[in-house]
Each structure stands twice: as structure tokens, then as C-alpha cells.
Amino acid sequence: MASDMVVRGAGPRGPGAPPRDGVPKRVFAVLAALAALYVIGPVLRAAAGPQLVRELGVSREALAAGEVLGAVGGVVALFVTGRAGDRFGRRRVLVWSLAAFGTGCLFVAFVAQPSAYIAGRVLVTMAASAIFVTCLAFVPSLSLPGRLRRIMGTWLAIMSLVFLGINNVASVVVSAMGWRTVSLAFAVLAVVGTVAVLRIVPETVVSGASTRLDVLFSGCLAAAVLLITGLYLAPVRGWPDPWVLAMLAAAPGAVAAGLLCSRSRRRLTGAPLRQPGTALVAGVVVGFTQIVIALALPALVIAGGGTPTQAVLAVSAFGLGGAAACLLARHTAFTPLTGCSLGLPLAAVGLALLHTVPAGAGPATALCCALSALVGFGIMTAQTPQMAGFLAALPHSRLGAFSALHPTAIVLGTAAAQAMPATSVLRTGPTTADMGELLWVAVAVVAAAALVVGRPAVALAVAATAGLEYLVIRGFAGEQVAQRPGTVVTVLAIGVLAGALTFLRRQQTERLARTQQAAGALQHAVLHPIPSRLGGLRLAGLYRPATVGTGIGGDFLEAVDTPFGTRILVGDVRGKGMQAVQTVTDVLGAFRCQAHEVADLGELAARLDRQLVRAAGARGDDELFATAVLIQHGVTGDAVEVVNCGHLAPLAVSRRSVREIAVPALLPLGFGALGEDRAEPATVGLAPDETLLLHTDGLSEARNSSGDFYPLAERLEAAGCTEPGTLVTHLDKDVHDWTHHLTDDIAVVALTREPALAPRSRQADLSLA
């Protein structure tokens with residue numbers, strides 16, 4: 001038992017431990033080869049049908065009943081085996097499943113009664129399902145989550161290519177070897193597979209029991225069995241049949257009972273319920289579409305004059321398109337939403353174009369092959385990232401249990417496709433007259449899935465554009481032109497183009513939104529909002545970068561409460577772009593640090609000056625400088641201290657006048673002029689009804705269409721207000737009315753004394769771009 005608890009060569013691992021890196025590729029090759037039995041078996045059984053009827057006397061009804069029992073038994077095996085792998089170890093369960101598969105194949109090879117054959121066939125189907133779900137759960141348990149997309153892309157590409165190959169050789173193999181010999185060969189393969197598993201595949205961690213999980217999956221298993229049985233029986237007994245209605249109605253109740261009894265609905269999966277939900281919808285679409293392709297294409301090719309061999313080639317092209325999509329998903333990291341948004345509309349268009357198959361064996365076969373590949377490409381483009389994302393999000397202790405959900409969804413899609421009388425396995429096959437209806441139902445199913453799990457705008461754009469164009473052509477060119485294959489192809493091609501453009505537009509919109517969000521975050525990180533009250537002051541701030549959407553430019557502003565009083569900084573650095581942003585970050589970082597350490601405002605300005613000198617030397621920029629004005633206001637008092645380093649003079653705004661405060665103007669920061677001689681702050685009185693306005697030249701030098709500068713003093717006098725917030729809001733609106741285009745950043749801080757000492761707060765009042 002101890003050896004079953006470790007991965008060979010990896011040492012002990014606890015539950016939930018991440019997989020070790022460097023799992024040999026031969027391990028995944030063995031698992032892929034064994035999982036391919038799940039794809040090969042149904043094709044070979046279908047090819048052996050005529051021999052079984054002739055040699056063993058198995059009726060068509062018995063074969064159909066075997067299909068139904070196999071589907072139900074397969075779902076049971078998926079759930080039971082998946083959960084058993086979690087509790088007892090996946091390698092052990094895989095060996096058991098291979099033993100059951102080999103036993104079933106031996107039994108089938110030697111039976112002489114039709115009923116015994118059906119029983120053996122059901123056993124083989126259940127064992128193949130068990131092998132598949134165990135191999136599927138093995139892949140994420142041995143893979144790092146970040147690599148699962150590439151591994152699953154390769155895995156599903158192999159499954160698609162196996163589907164392509166077996167469809168073309170199944171009849172030849174069965175005819176040449178006979179169905180009994182084929183069964184014996186599969187029994188031998190089961191033995192070889194068992195040896196390979198024991199020698200190559202490592203054991204996985206045993207997770208132990210989970211009563212809540214078992215209750216949940218008992219409900220899901222009961223629901224799946226009820227749904228599949230009801231869907232298969234509906235065409236025979238009729239949809240109003242009480243038993244059919246009872247089974248279909250009881251299925252949701254079984255799931256609900258499992259969810260309620262588990263009492264941990266969201267935490268069981270380790271991921272939000274939407275993610276497995278969309279993956280399961282994609283699985284249903286895969287199962288439904290595969291049946292439609294398998295039934296419709298042979299009838300269309302033969303109706304066009306083709307042979308059964310050409311019909312098989314057209315069906316197998318579905319696997320070729322699917323393999324191409326899986327390899328694309330392996331090398332291109334697109335999201336599940338992107339895959340569904342682009343892949344499902346493509347699949348719907350391919351199914352719609354199958355209504356335009358021309359006469360003639362060659363043209364009919366070529367078009368059906370191309371459209372089959374297109375449908376396969378679209379379906380697997382949606383399926384591959386969904387499946388990889390779903391499995392990557394699951395905890396390792398529940399991989400087997402939840403891995404069963406995806407193949408179960410495919411079986412449900414298959415049962416849903418065969419719930420129509422024309423496609424039911426319990427009745428005669430569909431006629432050529434049924435193909436049009438069947439294909440349109442498939443188009444509707446795939447389009448509905450695109451609306452649910454993809455971007456609805458893309459699917460609606462394809463449908464609306466194609467439908468409108470078709471109506472226009474029919475109205476102007478006539479019904480005969482509208483019904484031509486070339487016209488239909490053109491209409492749908494333009495619809496696809498419209499959908500692609502809609503998708504790209506949505507992608508650009510989302511990128512722009514993320515860029516704006518990042519710009520806003522950058523602005524808030526570098527430029528802190530100006531508090532509406534700080535110390536003994538009421539304040540308001542405004543920042544508008546010249547380039548819309550950048551969030552920050554070359555102007556800066558800051559207000560901090562320090563042990564020495566309230567200190568305010570407003571300025572403008574030389575240059576633009578990211579270099580200016582870096583300089584702004586340097587200045588503000590130095591100010592926020594030194595403002596709490598230096599008592600003298602002049603010394604604070606000198607330290608900012610030295611910081612810019614160091615920054616200029618580090619960057620090799622001899623012309624790096626910044627203009628700035630520093631303001632300090634004590635906790636009480638009716639005056640402020642001002643140090644002006646080459647910046648615009650502050651303005652004192654009252655209801656009577658607007659005056660410029662004359663303070664000595666020093667050289668800008670970065671020239672090193674403050675390195676030795678400490679600047680002496682100028683003291684400026686601030687009346688109770690007066691507001692001090694600090695601004696950058698982006699405001700005063702804004703030009704109108706005639707080239708006239710913004711008359712700041714005149715516009716302030718016309719405003720007739722002194723409250724900081726109202727004043728800043730007025731300037732923001734007024735300067736945008738004055739100019740048609742801002743060419744420079746704007747930074748404004750307005751401050752006035754509190755009428756009475758109020759509690760200090762940090763309520764922000766900064767208008768952001």
C-alpha cells in the first residue's frame with residue numbers, strides 16, 4: 001500500500017500537492033493510446049453491424065438496445081470509476097478497468113447467442129468508459145496547471161486523428177479480420193496495456209473518503225441516467241408518455257437533491273460553478289454535433305452521387321478539422337470565452353452551408369469534406385480551452401470525480417441528438433428528406449450554445465448580418481439567385497466577417513478599458529487625492545493630463561499633514577512621456593518622505609533640489625529640472641509660508657478681486673541652486689474670505705482657436721466664488737469651454753482657512769481624468 005501513495009521517483013506527496021515537473025512523455029503516450037479505445041470501439045462496432053446480423057443473427061433492434069444500455073452503463077462507469085480513482089489510486093483502477101475490458105472482449109469473441117453478445121458489448125462499453133475517464137483524470141494529476149493547455153491540446157488532437165483514421169479503415173479491418181478476431185485483438189491489447197501501465201505509469205495520491213462529494217455525485221449520476229434513458233425512449237414511446245416525462249422531470253430534482261445534501265455547492269469543485277457549467281455546455285454541443293455529422297453527411301454525399309467510401313471520408317474530415325483546432329489551441333493561449341465566441345459561430349456556419357451541397361460525386365464529396373472539417377475545427381476550438389481550463393481548476397483530490405462530468409456531457413449531447421425520430425437508434429435511419437430539418441436543428445443548438453457560453457454579440461452579428469443580406473439579395477435579385485449555393489456561401493461568409501469584426505471590436509474595447517483602469521491606478525498611486533480638509537485648511541485639487549487616457553503627465557501636486565503643519569506642493573517637470581512621469585515619481589516620493597523630517601520649508605526645497613540633481617546625474621540628463629511652489633500652514637494662524645522655485649506665482653482670490661502674490665522666485669529644482677544657501681520662505685497673510693490658488697502653466701497658457709491665452713484672473717473674477725471646491729470645478733469646466741484642445745497638463749490646488757478648528761480627516765476631493 002505504501003508504494004501506491006507515491007509517484008515513482010518523486011518521493012511522498014500529500015493530498016493536494018502539485019505534480020512534479022518532468023513526467024516522461026511516454027507516460028502521456030500510454031494514457032493517450034489507452035484512451036483512444038473509447039473512440040475506436042464505437043466505430044468498429046458500427047462497422048461490424050452487418051456481420052453480426054448475418055453470422056450471429058443479432059437484430060437491428062437488439063443492436064439499438066445495446067447502444068442504449070451501453071450509453072447508460074457507460075455513464076455509470078464514468079462516475080463510479082472516476083470517484084474510485086480518487087479514493088483508491090488511479091493506476092490501480094486503470095488496471096482493473098483494463099482487466100474488465102479484456103474480459104469483455106474475450107467474452108464477445110466466443111459468444112454464440114445474440115443476448116450474450118449484447119451483454120458482453122455493454123461490459124466492453126462500460127470498461128472503455130472507465131479507461132477513458134481514468135486516463136483523462138491522470139493527465140492533470142501528472143501535469144503542472146500552466147502546461148495543461150498544451151498537453152490537452154496534444155491529447156485531443158490525437159483523439160481527433162484517431163477518429164479520422166479509424167473511420168477510414170474500420171470497414172476494411174472488420175471485413176479482413178472478422179469481428180471475433182478483432183475482439184480477440186482488443187483483448188490482447190488490454191493485456192499489453194496493463195503491462196505498460198504497471199511498468200510506466202506512476203500511481204497518484206489517494207484522497208480518501210468524502211461523504212458530501214459522494215452524495216453530490218450520486219445525484220448527478222441519477223440525473224444523467226434518467227436524462228439519457230428518457231431521451232433515447234422519447235422517439236419510440238412519444239414525448240407525452242408518462243414514463244418519459246417522469247424521467248425527464250426527475251433529473252433536475254436528482255441534481256438539486258445532491259447539491260442540497262452536499263451543503264457545499266461552490267467549494268466542492270474548487271472553482272465557481274460557471275466554469276464547469278460552460279465546459280459541460282461545450283461537451284453537450286460536441287456530442288450533439290458528432291451525431292448530426294455522422295448521420296447527415298453520408299446521406300448528403302450519396303444523394304449528390306457519391307459512394308459510401310466517399311461518405312466515410314466526409315465524416316472523418318470532422319476529425320481532421322478538430323485536430324487542427326486542438327493543435328492551434330496548444331500553441332495559442334486563447335481563453336475559453338474566445339474559443340467559444342469564434343469556434344461555435346464557425347461551426348454553425350458550416351452546418352448551415354451543408355444545405356448547399358451540389359450534385360455530382362466529386363463536388364458533393366469535396367464540399368462535404370471541407371464543411372465537415374470546418375465544423376470540427378469550430379467545435380474543437382470551443383472545446384479544447386474549455387476542457388483544459390475546467391480540469392486545471394480542479395483540486396487533485398477530486399479530479400476523477402469531476403473528470404466524469406465532461407464525457408457525461410458528450411453522452412448527453414449524443415442522446416439529445418438521437419431524441420428526434422429521424423435520428424433515433426431505436427428506429428430506422430434518417431432519410432434524405434430529414435437532413436434539412438436535422439441540420440437546421442443542429443445550427444440552432446450550436447448558435448444557442450454560442451449565445452450562452454460565448455460572446456452573444458458575435459453570434460448575433462453573424463446571424464443578423466447574414467439574414468439581412470439574404471433578405472436584400474432575395475428582394476432585389478429574386479428568389480432563384482438567393483437560393484444558389486454561391487449566394488448562400490457569400491452571405492454566410494460576410495456574416496462570419498461581421499462576427500469576427502464584432503469580436504475584434506469587443507477585444508479592443510476590453511483592452512482600452514484595462515488600459516484606462518491601469519492609468520487610473522497609476523494616477524492614484526503616484527498622485528494622491530487632495531483631502532478636502534487637512535490641518536486648519538479646506539482644500540480642493542484638480543489634475544487633468546493633456547493626453548486623454550494616460551492618467552498622469554508631467555505636472556504634480558500633493559498635500560500632507562506633518563508635525564510642522566500642512567504642507568502643499570504643486571509643480572511641473574520638464575519634458576513629457578514616461579521620463580516626465582519618472583521625474584514626477586522621484587519628486588513626490590522625496591517630498592512625502594522629507595516633509596515629515598525637515599522642520600524648515602526652505603531646507604525641504606533644498607532637499608528636493610538635490611534629489612533632482614542626483615536623478616539627472618543617474619539618467620545623464622543635464623536639462624532635467626522642475627518648477628515648484630511649496631506652501632506651509634501651521635495648525636493655527638492666518639498666514640502661510642511660501643517657497644517659489646521658478647513656478648508661477650500663487651493667486652489670492654476673494655469676492656472683490658484676484659491678486660498675484662509677489663514672492664521671490666528662485667531657480668527651478670534640479671539646478672543645484674539651493675544646495676548651499678538655504679532658501680528663506682516668504683510669509684503671506686491669508687484672510688478668512690480669501691482663497692489661495694496654486695496652478696501650473698497648462699491652465700494659464702491654454703489657447704483658444706485664435707491663439708489667445710486663457711485669461712485666468714478675469715475668469716476667476718467672473719466666477720464670483722471663493723469656496724475651494726466650487727472654484728476648482730468652475731475652472732475645470734471653464735477652461736474646457738475656452739479651448740478646443742488642451743496641449744499641456746493642468747494641476748490646480750485651491751486652499752482657504754477653516755473658519756474654526758475642525759477634526760482632521762482624509763476625505764478625498766480630487767477630480768481625476
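Residues are termed buried when their relative accessible area is under 20%. In the predicted model, helix α1, spanning residues 25–35, contains seven residues that meet this criterion, namely Val-27, Phe-28, Val-30, Leu-31, Ala-32, Leu-34 and Ala-35. The elements that cover these buried positions of α1 include α2 (37–56), α4 (90–110), α5 (114–141), α6 (148–177) and α7 (179–200).

Across the protein chain, 24 helices and 15 strands were assigned. Of the 769 residues in the chain, 52% are buried. Among contacts with a sequence separation of 6 or more, 79% link residues that lie 24 or more positions apart.

Two helix pairs were examined in terms of their packing geometry. Helix α3 (residues 60–88) packs with helix α15 (residues 405–417) at an angle of about 165°, and the two axes are 9 Å apart. Because angles over 145 degrees count as roughly antiparallel, α3 and α15 are assigned to that class. Their crossing is left-handed. On the α3 side, the contact is formed by Ala-71, Val-75, Leu-78 and Phe-79, and on the α15 side by Leu-405, Pro-407, Thr-408 and Val-411. By class, 7 residues of this contact are nonpolar and 1 is polar, with no charged residue present.

Thr-408, one of the α15 residues in this contact, was considered individually. Thr-408 is buried, with a relative accessible area of 4%. Beyond residues up to four places away in sequence, Thr-408 touches Val-75, Leu-78, Phe-79 and Ala-224. Although Thr-408 and Phe-79 are 329 residues apart along the chain, their C-alpha atoms are separated by 8.6 Å.

The second pair comprises helix α23 (residues 712–719) and helix α24 (residues 724–738), which pack at an angle of about 125° with their axes 11 Å apart. The two helices are therefore oblique to each other. The crossing of α23 past α24 is right-handed. Leu-712, Arg-715, Leu-716 and Ala-719 of α23 make the contact with Leu-727, His-730, Leu-731 and Asp-734 of α24. This contact contains 5 nonpolar, 1 polar and 2 charged residues.

Two further buried residues were examined for their surroundings and polar contacts. Asp-555 lies in strand β5, which covers residues 555–562. With a relative accessible area of 0%, Asp-555 is buried. The side chain of Asp-555 is joined to that of Thr-696 by a polar contact of 2.7 Å. When residues up to four places away in sequence are set aside, Asp-555 touches Leu-527, Tyr-543, Gly-571, Asp-572, Val-584, Thr-696, Asp-745, Ile-746 and Ala-747. Thr-696 thus appears both in the list of residues touched by Asp-555 and as its partner in the side-chain polar contact.

Thr-381 is located in helix α13 (residues 361–392). Its relative accessibility is 7%, and Thr-381 therefore counts as buried. The side chain of Thr-381 reaches the backbone oxygen of Phe-377 at a distance of 2.5 Å. Residues up to four places away in sequence being excluded, Thr-381 touches Ala-325, Phe-334, Gly-339 and Gly-343.

Technical notes: Residues numbered from 1 in each chain as written. Predicted model: local features only at pLDDT ≥ 70, side-chain atom pairs only at ≥ 80, totals over all residues. Heavy atoms only, no water. Axes fitted to C-alpha atoms, helices over the stretch in contact; angles between N-to-C directions. Helix = DSSP H or I, 4+ residues; strand = E, 2+ residues; numbered from the N terminus. Parallel < 35°, antiparallel > 145°, perpendicular 65-115°, else oblique. Left-handed = near helix turned anticlockwise from the far one by under 90°. Contact = heavy atoms within 4.5 Å. Nonpolar A, V, L, I, M, F, W, Y, C, P; charged D, E, K, R; others polar. Buried < 20%, exposed > 50% of the residue type's maximum accessible area, 1.4 Å probe, protein only. Polar contact = N/O pair within 3.5 Å; in protein donor to acceptor, adjacent residues only side chain to side chain.
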